[in-house]
Amino acid sequence: MNKFVMANDQDISNCKVTDVYFEKTEKFLRKLSVNPKVTMEITAPSTDYKFINFTGLNDVISLLKGKNVNLYSIPEGTLLKNRDMNGVPVPFIRIEGNYLDFAEFETPILGFICQASGISSYSSMIKKVLGEIPFISFGIRRMHPAISPMIDRSSYIGGASGVSGVLSGEILGIEPSGTMPHALSLILGDDQAWKIQYENSKFRVFLIDTYMDEKFAAIKAADEFPDVDYIRLDTPSSRRGNFANIIREIRWELNLRNHQNVRIMVSGGIKIEDLPELVEAGVSSFGIGTSIASAKTVDFGMDIVNVDGNDITKRGKFSGIKNVLRCNQCYKLNVVPHTVSHKVCECGGSMENILTQYIKNGNVIIKEDISEIRNRSISQIGNILNL
Ligand SMILES: [Zn+2]
């Protein structure tokens, strides 16, 4: 038994986390000695996201590695719409193999990509609004701790400049980012807390709203430590009134005293719709937690599209094995039968297949590191999210 109410690595690998109807189906098919070669595709015909930043494939690959399957996928960190230029749902993943070799894995496969892609898509929407203004993923405390590295990884690929989780930092190979908790000021008092933070941090951020009014605390902090990097406001909602106006006032008072270099960071319940006004008011950095960590999942579904060479699928889905062509100039998508791998776009650009093979007969043939995936994502946010 696990100590906590959760599945561990082994439970997921052994597929104890599947839905029971797959277990039953497998039993029935084995009894009848039926195990056809099938192709399954994963699509998201309906979603609230205008663009999906696709992530979570890393865990799908770990799950299917060593199974006798072929796996093709849209690369992680690719931004794309859920349907192509003709409204056909885009297959994000294609899996080929004998049905019983992977049937039960449908539940965890979808779980890996639905939640991760939701978080990375939301994070990219924030990145699009903020541009070069940094934001740190602060939300792991709002979710089950077992998935904190997944939350931070997805936020980071989506565009977060840093993550707060220690284990996340280890897994991603980046230094975790953090400021100081209210607890430090409550235990030491502001003066001593700021001093120790100042003397021991590479990146000096003072939390200034534990005891005092934000404006007077900001002035005091900047007067005493003129080269502090940031003052951070985590003002409780009961005190907020007009948060943007509080920021404007602080920015004014700091500038008046020649503290233009002291920048303002804010955190606490920040949502995407709050960002433009806060930026305009003078915020230079954000800590964003719950709204990213609890981003709506992408409703991916997995369906058979071919059985033993025959194109077949359920009502409401598109049968046959497909490729996903994307124009290298205008990013237009065109879902086509898998026999077609390139086309010339109406715009004159070249449309190439972006469904890439990652697993061949159980062997992983492409491995990507996090910086490669994140760079792909960031480079597309400016171009694609404008479409
Ligand atoms: Zn084009």
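These are my notebook entries on what I looked up in this structure, which is a predicted model.

**Entry 1, domains.** I began with the division of the protein, and I found domain 1, made up of 9–117 + 296–384, and domain 2, which covers 178–284. I then looked up how far apart they sit, and the centres of domain 1 and domain 2, taken over C-alpha atoms, are separated by 44 Å.

**Entry 2, the sheet of 7 strands.** I next followed an open sheet of 7 strands, and I noted its order as β13-β12-β1-β5-β3-β18-β19, with antiparallel pairing. At the edges I found β13 (310–311) and β19 (363–364), each of which pairs on one side only. Within this sheet I looked at the pair β3 (residues 69–73) and β18 (residues 356–360), which run antiparallel and are joined by 3 bridges. For one residue pair in that ladder I wrote down S73, whose bridge partner in β18 is T356. I also asked myself which helix lies across β3, β18 and β19. The helix is α3 (residues 57–64), and I recorded that α3 runs at about 175° to β3. With over 145 degrees as the cut-off for roughly antiparallel, I therefore describe α3 and β3 as roughly antiparallel.

**Entry 3, strand β11 and its neighbours.** I turned to β11 (residues 283–288) and checked its cover: 5 of its 6 residues are buried, so I call the strand mostly covered, taking 20 or more other C-beta atoms within 10 Å as the cut-off for buried. I found β6 (residues 135–137) paired with β11 in the parallel sense over 3 bridges, and β10 (residues 263–267) paired with β11, also in the parallel sense, over 4 bridges. What stands opposite F286 of β11 in these two pairings? I noted F135 opposite F286, and I noted V266 opposite F286 as well. Lastly for this strand, I traced the connection from β10 through helix α13 (residues 275–281) to β11, and I recorded it as a right-handed β-α-β unit.

**Entry 4, helix α6.** I asked how many of the residues of α6 (residues 148–158) are buried. The count is 10 of 11, and the helix is mostly covered; the buried residues include M150, I151, D152 and R153, and also Y156, I157 and G158. Just after α6 I found G159, whose phi is positive, near 140°. I then looked up how α6 packs against α15 (residues 370–384), and the two helices meet at an angle of about 45°, with their axes 7 Å apart. That angle is why I describe α6 as oblique to α15. I listed the residues that make the contact as Y156, I157 and G158 of α6 with I373, R374 and S377 of α15. On rereading, I saw that Y156, I157 and G158 are among the buried residues of α6 and belong to the contact with α15.

**Entry 5, the sheet of 4 strands.** I finished with an open sheet of 4 strands, which has the order β15-β14-β17-β16 and antiparallel pairing. The edge strands are β15 (333–337) and β16 (342–344), each pairing on one side only, and I noted a twist that averages 25° from one strand to the next. At the β16 edge I followed the pairing with β17 (residues 350–353), which is antiparallel and runs over 3 bridges. In that pairing I marked H342, whose bridge partner in β17 is E352.

Definitions and conventions:
Residues numbered from 1 in each chain as written. Predicted model: local features only at pLDDT ≥ 70, side-chain atom pairs only at ≥ 80, totals over all residues. Domains from an automatic or database assignment. Pairing = 2+ DSSP bridges. Contact = placed C-beta atoms within 7 Å. Axes fitted to C-alpha atoms, helices over the stretch in contact; angles between N-to-C directions. Buried ≥ 20, exposed ≤ 12 C-beta atoms within 10 Å, placed from the backbone. Right-handed = clockwise from strand over helix to strand, strands pointing away. Parallel < 35°, antiparallel > 145°, perpendicular 65-115°, else oblique.
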